[in-house]
Amino acid sequence: MKKSPILVRLLAVITQGTVILTAYIIWARPFQLSWGATALEINQSMPGDERRGKSTFLATRAITINDTPENIWPWLIQMGYGRAGFYGYDILENLGSERGIYSADRILPKFQNFTIGDVVPISRVAQLSLH
């Protein structure tokens, strides 16, 4: 009995898709959810965990910066849309953006006086929805 070429192709696509999905679930997804974090960081409780309740999604991503908090804080405090950017991949952050977001390469004094309650939107859309 001769097999249908369409059936063979369909079976090949389903098999390939299953292999890719399985590899993603077993390897890529756990890596994405803990990108850059150590086992200690993943397993320790974090500020705000007590307010979380029952989570449907949990990820702990981290980077290590070999410097003092006093030197790191001025860079963190100026992050955000309409501020000093996100220090990420500017080319990706600007896809579809006319104006663009560009990460600062120095400490900007105008963003150093952050107070509780100040809003830091993550995009133009988020910024517009606040007004």
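## A walk around a helical chain

Start with the whole protein chain on screen and its surface switched on: about 11300 Å² is exposed, and carbon and sulfur atoms supply 63% of that area. Keep in mind as you go that this is a predicted model.

**The overall view.** Now switch to cartoon. You'll count six helices and zero strands, so the run of elements from the N terminus reads α-α-α-α-α-α. How much of the chain is buried? Of the 131 residues in the protein chain, buried ones make up 15%. If you like contact maps, take the contacts between residues at least 6 apart in sequence: 50% of them join residues at least 24 apart.

**Stop one: the aromatic cluster.** Select Trp27, Phe31 and Trp35 and show their side chains; together they form one aromatic cluster. Searching the whole structure turns up two aromatic pairs. One of them is tryptophan 27 with phenylalanine 31, a stacked pair with 5.7 Å from centre to centre and 5° between the planes. Look down the helix here: tryptophan 27 and phenylalanine 31 are about one helical turn apart, because they sit four residues from each other in helix α1.

Is tryptophan 27 buried or exposed? Tryptophan 27 counts as exposed, because its relative accessibility is 60%, and the cut-off for exposed is over 50%. Phenylalanine 31 comes in at 42%, so it counts as partly exposed.

Slide on to phenylalanine 31 and tryptophan 35. Their ring centres are 5.4 Å apart and the planes meet at 35°, so this pair is tilted. To be stacked, planes have to be under 30 degrees apart. Tryptophan 35 is exposed, with a relative accessible area of 52%.

**Stop two: the nonpolar patch.** Keep those three residues selected and add Leu21, Tyr24, Ile25 and Ile26. With Trp27, Phe31 and Trp35, these residues make a nonpolar surface patch of about 830 Å². Colour the patch on the surface and you can see where the aromatic cluster of Trp27, Phe31 and Trp35 fits into it.

**Stop three: arginine 29.** Stay in helix α1, which covers residues 5–33, and pick arginine 29. Which residues does arginine 29 touch, not counting residues up to four places away in sequence? The answer is Tyr24 and Phe57. You have already met Tyr24 as a member of the nonpolar patch. Arginine 29 is partly exposed, because its relative accessibility is 29%.

**Stop four: threonine 60.** Next, jump to the loop between α3 (49–52) and α4 (69–77), where you'll find threonine 60. Threonine 60 has a relative accessible area of 17%, so it is buried; the cut-off for buried is under 20%. Show what surrounds threonine 60: setting aside neighbours within four places in sequence, its contacts are Leu33, Ser34, Trp35, Ala37, Glu41, Ile42 and Met46. Trp35 is a familiar name on that list, as it also belongs to the aromatic cluster.

**Last stop: the salt bridge.** How many salt bridges does the structure hold? One. Select arginine 106 and aspartate 105, the two partners, and draw a distance between their closest N and O atoms: 3.5 Å. Side chains of opposite charge can pair when their charged atoms come close. Turn the surface back on to finish, and you'll find that arginine 106 and aspartate 105 are both exposed.

Conventions: Residues are numbered from 1 along each chain as its sequence is written. This is a predicted model: local features need pLDDT of at least 70, side-chain atom pairs count only at pLDDT 80 or more; totals for chains, interfaces and linings use all residues. Side-chain values use heavy atoms; hydrogens and water are left out. Helices (H or I, at least four residues) and strands (E, at least two) are DSSP runs, numbered from the N terminus. Buried means under 20% relative accessible area, exposed over 50%, partly exposed in between (1.4 Å probe, protein chains only). Contact means heavy atoms within 4.5 Å. Patches are made of residues with over 30% relative accessible area and no salt bridge: like charges are joined within 9 Å, nonpolar side chains (Val, Leu, Ile, Met, Phe, Trp, Tyr) within 5 Å. Accessible areas come from the Shrake-Rupley method with a 1.4 Å probe; for residues, only the protein chains shown count as cover. A salt bridge is a side-chain nitrogen of Lys or Arg within 4 Å of a carboxyl oxygen of Asp or Glu. Rings of Phe, Tyr and Trp (its six-membered ring) pair if their centres lie within 6.5 Å; planes under 30 degrees apart count as stacked, over 60 as edge-to-face and the rest as tilted.
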